[in-house]
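Please look through the model below before reading on. The questions that follow start from its interior and end in its loops.

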Amino acid sequence: MLRTKMMKIAAAAAVATVIVCTGAFAANVVSVTDVNVRSGPDNSCAVVAVMKRGTSAEKLGKSGNWIKVKVDGKTGYVYGKYLKDAPDSPDDANVEKKTVSVTASSLRVRSGPGTKYSTIGYLKKGGEAVVVETSGKWYKIEYKGKYGYISSKYTKDITKTVEVTASSLNVRSGPGKEYKSIGTLKKGKTATVVAETKDWYKIEYKDGYAYISKKYAKEVAPEKPAAGKTVTITTDLYVRSGPGKEYKAIGTLKKGKTVEVFEKKNGWYRMKFNGKTGYISAKYTQ
């Protein structure tokens, strides 16, 4: 009888231990790069989802160097080095924020990342929101001193322009001096900002994104369209990542195509191309 009672107590303690351990993992993690979510804790396991950089997920447990997560309704494993703990506050220096504008006539703000969560408010068309996390197809936003979630489908990113104030500014692969320098921007050079942390700007750079220190850049008014606003391409023309032939071609424009351009500098027009910044030679436009 005593033995049976002791076994029941041990079993109850074991259950309590499991609950405590599970509770310890009831937190969010954020991916530091694009990373595969696998069906098991091994690279040989099937990929069940992909977490884009900055995507948050619920942390469910750990198996060796692998973290068990739930993201966008799917459960799987991610190698631990590609995740970091989600910050507790949007004022954390490492939180990468961006601003979006609402494109729907009225957009629900929900208590969680999905239509099953309750509606806590609305944003009107043209309204702006500050995004602090991405969870699948949902944005976690700052809302009335707290947080809410909106569908990313009905938003568009708002960018801004900054100008380099240092004589030469390192462009880095991540938001910190510990990240590798992948290039430089000279004084007076402008860059398009797509997101930011407390101390760093995330900018469009060549055919991707990179980071520069806020300390050595200032906000400026965006470029206005050039006189006439549009130009016509006179021959099949490369769109390049920078204002010169030495820059990588990121696409082409066909002869006769009419495009919107920005202020001409050194014989090159700056333009928007597939959502990014591109450059075309003014010599082949009219």
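What follows is a short exchange of questions and answers on this model.

This is a predicted model, in which local features need pLDDT of at least 70 and side-chain atom pairs count only at pLDDT 80 or more, while totals for chains, interfaces and linings use all residues. Residues are numbered from 1 along each chain as its sequence is written, and side-chain values use heavy atoms, with hydrogens and water left out.

User: Which strand supplies the largest share of the largest nonpolar core?

Analyst: A nonpolar core is a set of buried Ala, Val, Leu, Ile, Met, Phe, Trp, Tyr and Cys residues joined through side-chain atoms within 4.5 Å, where buried means under 20% relative accessible area, exposed over 50% and partly exposed in between (1.4 Å probe, protein chains only). The largest one has 13 residues, and Val171 and Tyr205 are among those with the most contacts inside it. Strands (DSSP runs of E, at least two residues, numbered from the N terminus) that each supply at least two of its residues include S15 (160–164) and S16 (168–172). The largest share, 3 residues, comes from S19.

User: How far from Arg38 is the nearest side chain of opposite charge?

Analyst: Arg38 sits in strand S2 (residues 35–38) and is buried, yet has no salt bridge, that is, a side-chain nitrogen of Lys or Arg within 4 Å of a carboxyl oxygen of Asp or Glu. Lys and Arg count as positive and Asp and Glu as negative, with His and the chain ends not counted. The nearest side chain of opposite charge is that of Asp42, at 7.4 Å.

User: Is Lys144 buried or exposed?

Analyst: Lys144 lies in the loop between strand S12 (138–143) and strand S13 (146–151), and has a positive phi of about 55 degrees although it is not a glycine. Because its relative accessibility is 71%, Lys144 counts as exposed.

Definitions and conventions: Helices (H or I, at least four residues) and strands (E, at least two) are DSSP runs, numbered from the N terminus.
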